[in-house]
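Here's a quick briefing on charged side-chain pairs and how much of each one is open to solvent. Have a look at the model first, then read on.

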Amino acid sequence: LAAYNTSKSLSFSDGTRKMEFVGTKMEITDGSNKLAVESDATNPSIELTNGSNVMKVNKTEASLVVGTNSLKFVTGNKLKVKYDKYNLDISKDKASYSDGTYSVNLGGDQLLKLNDKTKTFLVNNDQSVEFNEGTNTKIKLSKTELDFKYDKYLAAYNTSKSLSFSDGTRK
């Protein structure tokens, strides 16, 4: 079966396979397999599909997706990898990794951030170091102060030699 219509599309089909030309796009389909080529001047692309597996290349991305796993190179020199529960994201000025339980972040809002579901260790851009466990425990050391929190107890010491303490009811 061949068809041409007023929208300037042309298609051929033998009942199983299909080839279509629509505007700047050409697509060949055979069941769940597909080859698509877009020759648009602003965003040319090519895409190969085999069921849930996709390889795609265009001006903003080169990617390979196999089921739920993926490898992507995207605009701005970014690399994104997803494999099962593992995620890796790398760009010019930061990187992150997570596996659902643990995560590591380099760059961005902090120089370094390590955490699991309850604990966090930070090295901040202001050169302070911080440890948190849940909402009950916090230790922070910076150039100007040392802060400590455990449950309802708070203590702080700073470079002006000021010391403070609170048990949650008294200061």
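A quick word on terms: a residue is buried under 20% relative accessible area, exposed over 50%, and partly exposed in between, using a 1.4 Å probe and protein chains only. This is a predicted model, so to speak of local features takes pLDDT of at least 70 and side-chain atom pairs count only at pLDDT 80 or more, while totals for chains, interfaces and linings use all residues. Residues are numbered from 1 along each chain as its sequence is written, and side-chain values use heavy atoms, with hydrogens and water left out.

**The salt bridges**

- How many salt bridges does the structure hold? There are five, each being a side-chain nitrogen of Lys or Arg within 4 Å of a carboxyl oxygen of Asp or Glu.
- One of them joins Asp14 to Arg17, with N to O at 2.6 Å.
- Another pairs Lys18 with Glu20, and here the closest N and O atoms sit 3.6 Å apart.
- Glu130 and Lys138 make a salt bridge too, with 3.7 Å between their closest N and O atoms.

**Buried or exposed?**

- Asp14 is partly exposed at 47% relative accessible area, and its partner Arg17 is also partly exposed, at 45%.
- In the Lys18 pair, Lys18 comes out at 37% relative accessibility, which counts as partly exposed; Glu20 is at 25% and is partly exposed as well.
- The Glu130 pair is mixed: Lys138 is partly exposed at 32% relative accessibility, whereas Glu130 has 10% and counts as buried.
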